[in-house]
Amino acid sequence: MKAHRLTKFAALAILATFSGVASASAQTKTFTISWWGYNGDKMKANIIEPFKKICGCDMVFETGNNADRLNKLKLRDGKGVDVIYLSDSFSQLGVAQGLFQEVDASKIPNLSEIYELGRNPQGKYGPAYTIGRVGLVYDSAKVDPAITSWADLWRADMKSSVSLPGITTTAGPMVVLQAGKHAGVDAYEDSEKAFEAISELKPNVVKNYNTGSELVNLISTGEVRVALAQDFTLASMQAAVKTMTWATLKEGDIATLNMVNIPKGSENVELAHQFINFVLSKEVQQKEAEQGVDAPINSKVELSPEQAKMWTYGADQVSKLGRIDYAKLNDAKTDWIDQWNEVFGQ
């Protein structure tokens, strides 16, 4: 009888143990991130595995380019993911379409450590987690005098030596903005004058590129000596042609930001705030910068000159960056694409 009771007790204990495991498993949250999916091993080591230990959650991912992922979110009415990574122009589209919720800054204390331009560039929505720039690059062995102004794109000695980004790329619309300034107008207010200036620039343009690899190929073959480009392409260009140089422009470069937002249908809003705070931390930002993943937007990150040379880095450099009003740019882009295609016959 006693043995029977002991056996029965042991069986109940085992059932209770399995029940507890099942209950804990059922309570494990699934945290879903929408991002590009590049640098997978480094992102796993620097962000995914450490955050899983913090949150005790499972993590799943939706990957793809900006347009595809934002469109999926729109079709799901802002549901299906807990945080979404987008470039600033696409993030602004998400804001305009009502797909994101405002963040609670009190739950993201690391906001105080990032450069001010990244804290709330699109209102009370998600912050930037990395920073870049658009400027001019040139082959210092073949271009004399040096490039020192956006206006140098129009120099007579630049004939058949320039490459511009296609109008549908991130940097493409910035050509229009700079052409407007060259013509002495606001491109938003007078796009005709801006495109007249682009027509004047056309003899200097060898080809418009649509990907970084396409630009690097044009540089490596010697077809192009000058380009309007994003800074993340510089290392590849210099690997192809050592004398490629980032121009120091008297008007300054243009900031580009990558944003992280909380969709309105997020099922884990508290975890989303915790995650954003984590990726903005000095520790994560330091590792990402040192390993060549992303430029740091946390102002506490310290890099050696060798580590820093590939990034938009430091208060002095960040303070000189111009900003883009993406709400106005996105509204103007459709008309600009049509005008661009008229100039370049695409």
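How many salt bridges does the count come to in this protein? The count comes to ten salt bridges, and several of them are described below together with the disulfide and a charged patch on the surface. The structure is a predicted model, and its secondary structure comes to 13 helices and ten strands. The C-alpha trace spans about 105 × 40 × 35 Å along its principal axes, and 49% of the 346 residues count as buried.

**Salt bridges**

- Arg76 and Glu62 meet through their side chains in a salt bridge, with an N to O distance of 3.1 Å. This pair links distant parts of the chain, since Arg76 sits in the loop between α3 (66-75) and β3 (83-87) while Glu62 belongs to strand β2 (residues 58-63), the two being 14 residues apart.
- The two partners of that bridge can be described by their accessibility: Arg76 counts as partly exposed at 28% relative accessibility, whereas Glu62, with a relative accessible area of 16%, is buried because it falls under the 20% cut-off.
- A salt bridge also forms between Asp157 and Arg155, whose closest N and O atoms are 2.9 Å apart. Here the acidic residue Asp157 is partly exposed, with a relative accessible area of 35%, while Arg155 is buried, with a relative accessible area of 15%.
- The side chains of Glu306 and Lys309 meet in a salt bridge at 3.0 Å, N to O, and for this pair both Glu306 and Lys309 are exposed.
- Arg133, Asp231 and Asp253 are linked with one another in a network of salt bridges.

**Disulfide**

- A search of the whole structure finds one disulfide, and this disulfide joins Cys55 to Cys57 with an S to S distance of 1.9 Å.
- In general terms, a disulfide is a covalent bond between the sulfur atoms of two cysteines.
- The torsion about the S-S bond of Cys55 and Cys57 is about -70°, and the disulfide is therefore left-handed.
- Are the two cysteines of this disulfide, Cys55 and Cys57, buried or exposed? Cys55 is buried, and Cys57 is buried as well.

**Negative surface patch**

- Glu192, Glu196, Glu200, Asp335, Asp338 and Glu342 form a negative surface patch. The elements that contribute two or more residues to this negative patch are the helices α6 (191-201) and α13 (326-344).
- Glu196, one of the residues of the patch, lies in helix α6; its relative accessible area is 43%, so Glu196 is classed as partly exposed.
- Glu342, which also belongs to the patch, lies in helix α13, and at 67% relative accessibility Glu342 counts as exposed because this value is over the 50% cut-off.
- How many residues apart along the chain are Glu342 and Ser199? Glu342 and Ser199 are 143 residues apart along the chain, and their C-alpha atoms are separated by 9.7 Å.

Notes:
Residues are numbered from 1 along each chain as its sequence is written. This is a predicted model: local features need pLDDT of at least 70, side-chain atom pairs count only at pLDDT 80 or more; totals for chains, interfaces and linings use all residues. Side-chain values use heavy atoms; hydrogens and water are left out. A disulfide is a pair of cysteine sulfur atoms within 2.5 Å. Buried means under 20% relative accessible area, exposed over 50%, partly exposed in between (1.4 Å probe, protein chains only). Patches are made of residues with over 30% relative accessible area and no salt bridge: like charges are joined within 9 Å, nonpolar side chains (Val, Leu, Ile, Met, Phe, Trp, Tyr) within 5 Å. Accessible areas come from the Shrake-Rupley method with a 1.4 Å probe; for residues, only the protein chains shown count as cover. A salt bridge is a side-chain nitrogen of Lys or Arg within 4 Å of a carboxyl oxygen of Asp or Glu. Lys and Arg count as positive and Asp and Glu as negative; His and the chain ends are not counted. The place of a charge is taken as NZ of Lys, CZ of Arg, CG of Asp or CD of Glu. Helices (H or I, at least four residues) and strands (E, at least two) are DSSP runs, numbered from the N terminus.
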